[in-house]
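Welcome aboard, and please have your viewer open. We will make a few selections in turn and look at what turns up at each stop.

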Amino acid sequence: MPAMASIASVESLKKKYPEIRDDYTIDQHWERYSSVEHDIWHTLFERQMNVLPGRACKEFLDGLERLKLIADQIPEFERLSDQLESLTGWRVVAVPSLVPDEIFFAHLAARRFPVGQFIRKPAQLDYIEEPDVFHDFFGHVPMLAHPVFANYMEAYGKGGLRALTEFGALKNLARLYWYTVEFGLIEKPEGLRIYGSGIVSSRAESIYAVENPSPNRLHFNLERVMRTEYRIDDFQESYFVIGSFDELFQETYKDFAPLYRKLAEGPAYRPGDVLTADRVHHKGTHAYVGGSHAAR
Ligand code: PHE
Ligand code: CO
């Protein structure tokens, strides 16, 4: 996700990662992961495989299958990238952690997905502040095997560079990323399903996002989403639902310049708001008051 925390400079990261390049990429050093670290991956993977069937969308589950993401070990980026590249032209590159926005967007625009090299500690199975290899790889990479979503992510990277340099509209564009790439739901004949990485990489939120009566589930609308603030430290109070990946791509494959001008004025919405103009799939009870990461 676009960076929110403060980010170390390449210079200061050189102590720990002497090979770090100007685009923040490092070598994965797969051989350095310990068996304890591989076990953490394995545990997280098994947990998600227990909750995702019937909750994650077919496209995500197909992506996992197609990449043959193996349960027992942290994936080797180079090997998996060769597979991914043959499907959609995307590759995965290792980075220490969050990277600056312009670096992040430039990677996406070139069909490279930056993945945090480290894995969380055993005490952080349910919640981590910074995206690790489980969130970044398990959460994001399967969708990059889907051709339409793969194009959306590249377009997002290009749009990010534009928003940053020409429009100063990063806040608006980051909301789009948040409510689609990270926390998106999709409407299927069998019900609402998850495609957002922030959900599929969290056991508790995978259940909450689909089944809990507390959050709103509102149909995706570009301007509405770009005006909506989000919570970074708890379950979402609203999820936005797309009808299809083609709908998402069509809604965003247009020049955002007039929209950015419009967004410079007018209201921002709070995470839990429901507006009369919203197409409501489910109006949340807001019974969940949150505050507990233990719940994740
Ligand atoms: N169409 C957007 C623009 O003109 C770019 C974009 C595409 C952003 C897809 C997000 C997703 O800036
Ligand atoms: Co993410």
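Before the first selection, one definition: a polar contact is a pair of N or O atoms within 3.5 Å. Keep in mind, too, that this is a predicted model.

**Stop one: the ligand and its polar contacts.** Select ligand 1 and Thr252 together. A backbone N or O atom of Thr252 is 2.8 Å from a nitrogen atom of ligand 1, which falls within the 3.5 Å limit. Now add Lys254: one of its polar backbone atoms lies 2.5 Å from a nitrogen atom of the ligand. Then add Phe256, where a backbone N or O atom is 3.0 Å from an oxygen atom of ligand 1. How much of the ligand's accessible area does the protein cover? Taken on its own, ligand 1 has 330 Å² of accessible area, and the protein covers 93% of that.

**Stop two: the pocket.** Switch on a surface if you like; ligand 1 sits in the second largest pocket. Colour helices α7 (147-167) and α8 (170-182), the elements that each give two or more residues to the shell around the ligand. The largest share, five residues, comes from α7.

**Stop three: the whole shell.** Show side chains for Tyr152, Ala155, Tyr156, Gly159, Arg162, Leu173, Leu176, Thr252, Lys254, Asp255 and Phe256, the residues around ligand 1. Colouring by type splits this shell into six nonpolar, two polar and three charged residues.

**Stop four: aromatic rings.** Leave the ligand and turn to the aromatic pairs, with centres within 6.5 Å; the count is 26. Select Phe77 and Phe137 as one example: the ring centres are 5.5 Å apart and the planes meet at 20°, so this pair is stacked. Because Phe77 belongs to helix α4 (residues 77-88) and Phe137 to helix α6 (residues 133-144), the pair ties together parts that are 60 residues apart in sequence.

Notes:
Residues are numbered from 1 along each chain as its sequence is written. Chains are lettered from A and ligands numbered from 1 in the order in which they are written. This is a predicted model: local features need pLDDT of at least 70, side-chain atom pairs count only at pLDDT 80 or more; totals for chains, interfaces and linings use all residues. Side-chain values use heavy atoms; hydrogens and water are left out. A residue is near a molecule or strand if one of its heavy atoms lies within 4 Å of it. A polar contact is a pair of N or O atoms within 3.5 Å; within protein, one must be able to donate a hydrogen and the other to accept it, and residues adjacent in sequence count only if both atoms are side-chain atoms. Accessible areas come from the Shrake-Rupley method with a 1.4 Å probe; for residues, only the protein chains shown count as cover. On a 1 Å grid over the protein atoms alone, a cavity is a set of points where a 1.4 Å probe fits but cannot get out, and a pocket is an open set with protein on both sides within 12 Å along at least five of seven lines; lining residues have an atom within 4 Å of a point. A molecule sits in a cavity or pocket if more than half of its atoms lie within 2 Å of its grid points. Helices (H or I, at least four residues) and strands (E, at least two) are DSSP runs, numbered from the N terminus. Ala, Val, Leu, Ile, Met, Phe, Trp, Tyr, Cys and Pro count as nonpolar, Asp, Glu, Lys and Arg as charged, and the others, Gly among them, as polar. Rings of Phe, Tyr and Trp (its six-membered ring) pair if their centres lie within 6.5 Å; planes under 30 degrees apart count as stacked, over 60 as edge-to-face and the rest as tilted.
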